[in-house]
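Q: Please take a close look at how helices pack against one another in this model, with the terms explained along the way.

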Amino acid sequence: MTYGSYSRPASVVENYKQIEADLMKAAELLPLFTDYSSENYGRPHKDAALAYMAKTNLYWAQYDAARYAEVVKYADAVTNSGSGRALINTGNPSQDYRELHSNLNNWTSEYIWSVNSGVDKGSILTGVMLENKGWGKYNGWGYYTPSEGLYNEFEDGDARKAVTILNFGDDFTFFGEARRYQSENSLSGFQFNKYMYEFQFENPIGTYLNSNGDDPSTIYNVPLMRYAEVLLMKAEALIMDGKNGDAPLNMVRERAGLPTITNATMVDLKHERRVELAGEFANRHFDLVRWGDAAATYSQPIYGRIYADRSNPDSPYTSEIVWPTRNFDASYMNVWPIPSTVIESSGIPQNKGW
């Protein structure tokens, strides 16, 4: 039964216009994060509205190239808002990127919008990415493992690699114990390390971790939008607009301990987004869709490392397909199907092809 009616916009551009109007009003009304007292941390603020304005225009630019200039405008508005937005960069790449992904930086200059989390609520992504059953210490779920392709995407000398991914034999600390990574459960032979900082401490349950392993949040606010992404959006918009995007792109690279790039291309930009934002809520799938790369990417299988003895961190491995090729038909898969409950309650027709 249909309970309501809904008139579909003539174009997705109409949706972007509505989002733009909403975000412009939010940016007008909201205070800066730095104007909040600590008890109000986690509430919406001006920089978040401006950053998502930049992101809205980046998607909108698929249909109107004039929007690239708006991406730059709103990215610069974040930079110049007065709240002191900046990358966490003390000149020590390994430490900076490690501590960036921890509770130490929940409310600092790089985190523009994140999931306010704690020992009793928040994002469960931290535990979802943890080794299944957590080596007998915690109820990790073992989902969302990195691929060998992602592991190999990192350049030599990139400090982000070790912080992002655990590879067999890598040293790490878990529940106060020095360990070398191995997994009897990982589909790919890797694990995301990005969200592991709070698991290093001895007896962390109830202080750093949720005591309920079925709701495995930590005191780390999982990021939804970081200043690094704002810089990469600006770089992409400049490159796509036929201008030079080196400056914002190289700020991100320099923090990772990498040399600068001259006359960066979209190939460089796509690489940088992949390694900087790996395992985060940064819309990797929709990046592939808007770039027109989804069909080619999904037509390739995903490889992992299958170890002869998964209990032994020194065990030899073979690279094997762990996820088969997928079909992506851009004639209708650029959008998701609309849930049937939404169709029933709104009267909106299903997206074409679904």
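A: What follows describes two helix pairs, one after the other.

This is a predicted model, in which local features need pLDDT of at least 70 and side-chain atom pairs count only at pLDDT 80 or more, while totals for chains, interfaces and linings use all residues. Residues are numbered from 1 along each chain as its sequence is written, and side-chain values use heavy atoms, with hydrogens and water left out.

Helices here are DSSP runs of H or I with at least four residues, numbered from the N terminus. Helix H2 (residues 46-60) and helix H3 (residues 67-79) have axes that come within 8 Å and cross at roughly 165 degrees, where axes are lines fitted to C-alpha atoms over the stretch in contact and angles run from 0 to 180 degrees between N-to-C directions. H2 and H3 are therefore roughly antiparallel to each other, a term for angles over 145 degrees. Contact, meaning heavy atoms within 4.5 Å, is made by residues including Leu50, Met53 and Trp60 of H2 and Tyr68, Val71 and Tyr74 of H3. By class, this contact of H2 with H3 has twelve nonpolar, one polar and three charged residues, with Ala, Val, Leu, Ile, Met, Phe, Trp, Tyr, Cys and Pro counted as nonpolar, Asp, Glu, Lys and Arg as charged, and the others, Gly among them, as polar.

In the other pair, the axes of helix H9 (residues 246-255) and helix H10 (residues 266-276) come within 11 Å and cross at roughly 40 degrees. The contact involves Leu249, Val252, Arg253 and Arg255 of H9, together with Asp268, Leu269, His271, Glu272 and Glu276 of H10, and its residues divide into three nonpolar, one polar and five charged.

Conventions: Helix = DSSP H or I, 4+ residues; strand = E, 2+ residues; numbered from the N terminus. Parallel < 35°, antiparallel > 145°, perpendicular 65-115°, else oblique.
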